[in-house]
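With the sequence and the model at hand, let us go through two parts of this fold in turn, a sheet and then a pocket. Please keep in mind throughout that the model is a predicted one.

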Amino acid sequence: MNYLTFENISRSYGDRVLFSDITLHINKGEKVALVAENGTGKSSLLRIITNEEAPEGDKAKVFIHPSIRVGYLRQEPILNPDLSISESIYASDNKALNALRNYEQVMLTRPDDTASIQKALDDVELNKGWDKEAEMYEVLSKLKLDNPELKTSQLSGGQKKRLALAKILLDEPDLLILDEPTNHLDLEMIEWLEEFLSRPQLTLFLITHDRYFLERVCKVIVELSNGKLYKYQGNYSEYLDKKLVRETNEAISFEKGKKLLKTELEWVRRQPKARGTKSKSRVQKFHSLRSELSGHKEKEEMSIPIKPERLGSKIIELRYICKAFDELILFKDFHYKFQKKDRVGIVGPNGSGKSTLLDTIAGILPPDEGTVVHGETLKIGYFKQSGLKLPDDKRVLDFIRDIAEYIPLEKGRKMSASQLLEQFLFPPAQQQLFISRLSGGEKRRLYLLSILIQNPNFLILDEPTNDLDIVTLNVLEDYLLDFPGCLLIVSHDRFFMDKIIDHLFVFEGDGKLIDFPGSYTDYRNWQDEQLQADRDKSQIEQKTAKSASSAPKVSQSEDREKKKEIKRLEKKIQNLETEKTGILEKFEQQTIPVEEIGEWSAKLDDIKNQIDSLEEQWMELVG
């Protein structure tokens, strides 16, 4: 069953053509990802599909099957600020959620109307509302939205994105259209979302740059490149293989075309006086070939030629640092001495203190206890997750020139700001644009350049991969692998982390921050091993307890003899206790003659010893 079709879709802005006459069909159960470089029109395409923008041209067509429901997750979600988290979830056309919302309203407004309450309860049962309620609390818990009564207006940007995601998942639409769903999720949330979206009944069309997500969830990948759409069956690794084959074939065809064009050009320039039909066809062939080859763009490659300043032997030393906010302890007594070419990743749940730790290490935020010591040659470049505040009213080139007109390179060479921008895939025409006209990914690329242009030798990167396309990610990764200074990275991109970092600072809760020797995947595998070891231990304990409970029982005759012996001992102990009490009373009443006190004292000691001995025997029998 076809869920979504768009045909002959085009979009251009002025002279800039984003895509032209592209077509795609998505059927029930398919999981399709759209990948493209920043600024090529991914979000524009989603807006056309979801009817937020009209397509260009008379032949353009967008078809969504009339019987299906569609859920659309925007990069910037639209939520009602007057509603709470739970009210936002209930604002749905899902039958189970509607039944739950109606039941809650009846209980609040007509608590004595037993007939209405019963009707609402029956509706909840009919639509499996209790299952949906349990699922709702599970989803909200996984996405760290723990206070359902909190108003949407009180949420951070990341919480709003997670609420919009929760709302769409719980709505259970037939087709999910998701624009960067992993943004603002921590690693644990992403892994949970991967598992959720891998359900076979779900149909997906999504934009993401998370390469592990593409590998594990998506079975079809479409690439938007040079205004055309290319469709590949398979996951991310299969897409890379097939793309390489296509581009190799295109390069061969392009070279053959250039040779043929040269031959045709030589013929046309001779301009024969008498041209017959055959001559006219060759002229037409020449013009057609020239038009085809002129439309083929040589692929631009981004490069980062910046070389950092020298880093001395003393870099940064963390001396038993602590940080807390009120009763919440983020990290305590953490110590570490950075070495040359250290590549450290930081992982932990959202809100655990990752950005606070970065600010503390950078010297922006003082620790509550302990000290942070910086070396004399240290030059920090800090890419802040919340630091993307570029001046929209300034041109791209002017923004970079304000930082540096020329950038020093190796061997005394230098590069102009304009040349460096070209290396970062900002051609001369785009350098004259105001920053406000750049896409989100282009702005982040420009912000990253503004950090690197200052030649830091210690890079702190807080979520640098958000909104960056895969091409830019690959170039950034290659640059960081060759970076001779130190790296400290927070990222939810597991592929990026595994490729770059050597060890991890891990937030384990309650102020505990550990240094783990390995990549993120190594850490997750270690966690899984620990979890399995705990499960094995629990199973062994359960088997031991079961074996003890099923141990062979004594025979009935042995049991009867045991009970008799217990009763005999109890009777004897009782008689001795009575005798001991009588002697003690004599002592208290002073009725024992003085000359017999020694004798009665010895007798009392003997009774006590007998009682102790008999009680030990009794304990062994009843134990």
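We begin with an open sheet of 3 strands, whose order is S11-S10-S13 and whose pairing is antiparallel. Strand S11 (328-337) and strand S13 (369-374) occupy the edges of this sheet, and because each has a single partner strand, one side of each is left without a neighbour in the sheet. If the direction of the strands is ignored, neighbouring strands here are turned by 20° against each other on average.

Between S10, which spans residues 316-325, and S13, the antiparallel pairing extends over 5 bridges. One place to look for this pairing in the model is Cys322, whose bridge partner in S13 is Glu369. Helix H11, made up of residues 354-362, lies across S10, S11 and S13, and runs at about 135° to S10.

From the sheet we can turn to the second largest pocket, which holds about 550 Å³ of space. This pocket is lined by 20 residues, and those closest to its centre are Leu187, Glu188, Glu191, Arg524 and Gln527. The elements that contribute two or more residues to the lining are helix H5 (129-142), helix H7 (187-197), strand S19 (503-509) and helix H18 (520-549). Which element gives the most to this lining? That element is H7, with 6 residues. Sorted by class, the residues lining the second largest pocket comprise 9 nonpolar, 2 polar and 9 charged ones.

Notes. Residues are numbered from 1 along each chain as its sequence is written. This is a predicted model: local features need pLDDT of at least 70, side-chain atom pairs count only at pLDDT 80 or more; totals for chains, interfaces and linings use all residues. Side-chain values use heavy atoms; hydrogens and water are left out. Two strands pair if DSSP finds at least two bridges between them. Helices (H or I, at least four residues) and strands (E, at least two) are DSSP runs, numbered from the N terminus. Axes are lines fitted to C-alpha atoms, for helices over the stretch in contact, and angles run from 0 to 180 degrees between N-to-C directions. Contact means heavy atoms within 4.5 Å. On a 1 Å grid over the protein atoms alone, a cavity is a set of points where a 1.4 Å probe fits but cannot get out, and a pocket is an open set with protein on both sides within 12 Å along at least five of seven lines; lining residues have an atom within 4 Å of a point. Grid points are joined across faces, edges and corners, and a volume is the space filled by probe spheres set on the points. Ala, Val, Leu, Ile, Met, Phe, Trp, Tyr, Cys and Pro count as nonpolar, Asp, Glu, Lys and Arg as charged, and the others, Gly among them, as polar.
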